[in-house]
Amino acid sequence: MDWFAAPDYWLSRLLVQRLLAGLYLIGFLNAAAQFRALIGTDGMLPVPHFTARVPFRRAPGLFHLHYSDRFFAAVAWSGAALAAAVAAGLGDAVPLWASILLWAVLWGLYLSIVNVGQTWYSFGWESLLLEAGSLAAFLGNADTAPPTPVLWLMRWLVFRVEFGAGLIKLRGDSCWRDLTCLRYHHETQPMPGPLSWFFHHLPDPLHRVEVAANHVVQLLVPIGLLLPQPVASYAACAVVATQLWLIASGNFAWLNWLTVVLALAAVEPARLGLPGHARGHPDAPVWYQAVVAAVTAAVLVLSYWPVRNLLSPGQVMNRSFNRLHLVNTYGAFGSVNRLRQEVVVEGTDEAVLTPHTVWREYGFKGKPGDVRRLPRQYAPYHLRLDWLMWFAGISPGYARPWFLPFVARLLSGDRATLRLLRHNPFPDAPPTHVRATLYLYRFTGWRELRETGAWWHRTALHEYLAPVDLPALGRAGHRPPPGRRTTGPVLGARGPARGTRTVPLDGLRRPRPPRTEHPGHPSGPAPGHPGGPPE
């Protein structure tokens, strides 16, 4: 049993399982709060439409068997309740087999959500949460000592997360090699946090130190995770420290928090002066040893594909090689945008559009909008619409499947969609028209912040979506949710209202010459490829 049991890691296991269950709780709450507008029956990318064209074998889960919004809500809330119970210690209060079953249910419920989530769920941290849960199921509970093979599989997972991210940077954007990427990244990252402005204004030598330290932690330190103690514990502490730095500097949903949790599996508590043996553990049952051996063998076999990807000069980021999201490849920000482009969505309640029409801006919770609003901290909560709006600003192609359905729901005053926003400028009745403009955003400097109170200044680049009304969207095939339309002259119009343009087939307009909202602010070329687009 010496080869199998690692009793000194009981505290590491407890922390990994309890904290990981907490992240599952956040994932399920996130799904329950946002699904109706995103993937519900009347959502922007409805699950029933997806399951009608994608067979079960390509996206296994409960919702191929049955879908309704009520059933999805029941799955999400059941998952949240179970995750909360496991985080509170239910897994240690039941027999070993039942503990494994609890984790299997958590994993299965969340897999069902991810596999119908489409664009909204195509981020690397979804697969990472699923893979982590599949391993946590076999860490055991208070009835047995932590199994050494599964602890090593956890280390192997953290190695792939960090080393994959390091390699994609080294092979990608030249700014990672000349140590200049963080001149831009704090400003252009998908969703800045409240400290991002200050990180951006660190002296340039410190930005270079940040990049160099990133290379060390992602390319050299992960090797230490696979070495004997105490090296593995020290390497894990370096990973945790780096992830806390990233948590402070931006919003990356639960990616950084999950990496911290997984790194704890490599920490031998006694090496850091923490409690070792809590109490004696009985020998692990033979069936449990057999299951752990089988899981370990399966992970080693499935590791062929991510290892091949890591070694390939054509390395890809955030790819699942199977429909169960087991043993994936990871990575982020192989390229860094030099400029930040934001799509600003506005509406008006005027029936006829003129050059003097007053447009009012919709406010998003996380993405930059109001230049005087300090970015907020939302991670580990995931604002899915805000994240996809960042991709929309980079290229209309990322937004094509869902942006016009989003606009249709603003025009119809859809409550589920409006709940995803921070500010609705039309609380009494929906707007008659909506438009979108692409802006160039830049952080202000210290002097401008003191003088104006603005954290950002912005320059209008070009029209992103021409003003549209509901009839125009209907003719383009983008209708509002059934039964949620408002009444009013625009809905009864037989043709486009005066001043309304026909929606182009691709939904989004070609660039127009820029106009400057803040004089003296430079415009420039379009940003580079996103650092970690959904696969």
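A pocket is an open set of grid points, where a grid of 1 Å is laid over the protein atoms alone, with protein on both sides within 12 Å along at least five of seven lines. The views below are close-ups of a predicted model.

**View 1. The largest pocket, with a volume of about 670 Å³.**
The lining of this pocket is made of 40 residues. Lying nearest the centre are Lys169, Gln218, Leu246, Asn256 and Phe333. Six helices each supply at least two residues of the lining: α6 (124-136), α7 (148-171), α9 (185-188), α11 (204-225), α12 (231-249) and α13 (255-263). Helix α11 accounts for the largest share, 7 residues. Sorted by class, the lining residues are 22 nonpolar, 15 polar and 3 charged.

**View 2. Phe333 and Val327, two residues of the loop between α15 and β1.**
Phe333 is among the residues nearest the centre of the largest pocket. Its phi is near 55°, a positive value in a residue other than glycine. Phe333 has a relative accessible area of 12% and is therefore buried, the limit for that class being under 20%. Val327 lies in the loop that runs between α15 (304-311) and β1 (340-348). Val327 also has a positive phi, of about 55°, although it is not a glycine. With a relative accessible area of 3%, Val327 is buried.

**View 3. Surroundings of Arg13 in helix α1.**
Helix α1 covers residues 10-38. Is Arg13 buried or exposed? Arg13 counts as buried because its relative accessibility is 5%. Leaving aside neighbours within four places in sequence, Arg13 is in contact with Leu139, Gly140, Asn141, Ala142, Thr144, Ala145, Pro146 and His281. One of these residues, Thr144, has its backbone oxygen 2.8 Å from a polar atom of the Arg13 side chain. Arg13 and Leu151 are 138 residues apart in sequence, while their C-alpha atoms are 8.5 Å apart in space.

**View 4. The largest nonpolar core, with 144 residues.**
In soluble globular proteins, nonpolar side chains tend to be buried together. Which residues have the most contacts inside the largest nonpolar core? They are Tyr24, Trp120, Val345, Trp402, Phe403 and Phe406. Helix α5 (residues 96-114) provides the largest share of this core, 12 residues. Another core lies apart from it and has 11 residues, including Trp197, Tyr441, Trp455 and Trp456.

**View 5. Contacts of Trp402, one of the residues with the most contacts inside the largest nonpolar core.**
When neighbours within four places in sequence are left aside, Trp402 is in contact with Met44, Leu45, Trp120, Leu385, Leu388, Met389 and Ala392. Among these, Trp120 is itself one of the residues with the most contacts inside the core.

**View 6. The largest cavity, with a volume of about 80 Å³.**
A search of the whole structure finds 4 cavities of 30 Å³ or more. The residues that line the largest cavity are Gly363, Phe364, Gly366, Lys367, Pro368, Gly369, Asp370, Arg373, Pro375, Arg422 and Trp456. By class, 4 of the lining residues are nonpolar, 3 are polar and 4 are charged. Trp456 from this lining is also among the residues of the 11-residue core.

**View 7. The second largest cavity, with about 60 Å³ of space.**
Leu14, Gln17, Arg18, Val86, Gly89, Gly91 and Asp92 form the lining. Two elements, α1 and α4 (90-93), give two or more residues to the lining. Helix α1 gives the most, with 3 residues. The lining divides into 2 nonpolar, 3 polar and 2 charged residues.

**View 8. Two cis peptide bonds that precede proline.**
The peptide bond from Gln229 to Pro230 is cis, with omega near 5°. Pro230 is found in the loop between α11 and α12, two helices that each supply at least two residues of the lining of the largest pocket. The peptide bond from Ala379 to Pro380 is likewise cis, with omega near 10°. Pro380 lies in the loop between β3 (363-364) and α16 (384-394).

Note on methods. Residues are numbered from 1 along each chain as its sequence is written. This is a predicted model: local features need pLDDT of at least 70, side-chain atom pairs count only at pLDDT 80 or more; totals for chains, interfaces and linings use all residues. Side-chain values use heavy atoms; hydrogens and water are left out. On a 1 Å grid over the protein atoms alone, a cavity is a set of points where a 1.4 Å probe fits but cannot get out, and a pocket is an open set with protein on both sides within 12 Å along at least five of seven lines; lining residues have an atom within 4 Å of a point. Grid points are joined across faces, edges and corners, and a volume is the space filled by probe spheres set on the points. Helices (H or I, at least four residues) and strands (E, at least two) are DSSP runs, numbered from the N terminus. Ala, Val, Leu, Ile, Met, Phe, Trp, Tyr, Cys and Pro count as nonpolar, Asp, Glu, Lys and Arg as charged, and the others, Gly among them, as polar. Buried means under 20% relative accessible area, exposed over 50%, partly exposed in between (1.4 Å probe, protein chains only). Contact means heavy atoms within 4.5 Å. A polar contact is a pair of N or O atoms within 3.5 Å; within protein, one must be able to donate a hydrogen and the other to accept it, and residues adjacent in sequence count only if both atoms are side-chain atoms. A nonpolar core is a set of buried Ala, Val, Leu, Ile, Met, Phe, Trp, Tyr and Cys residues joined through side-chain atoms within 4.5 Å.
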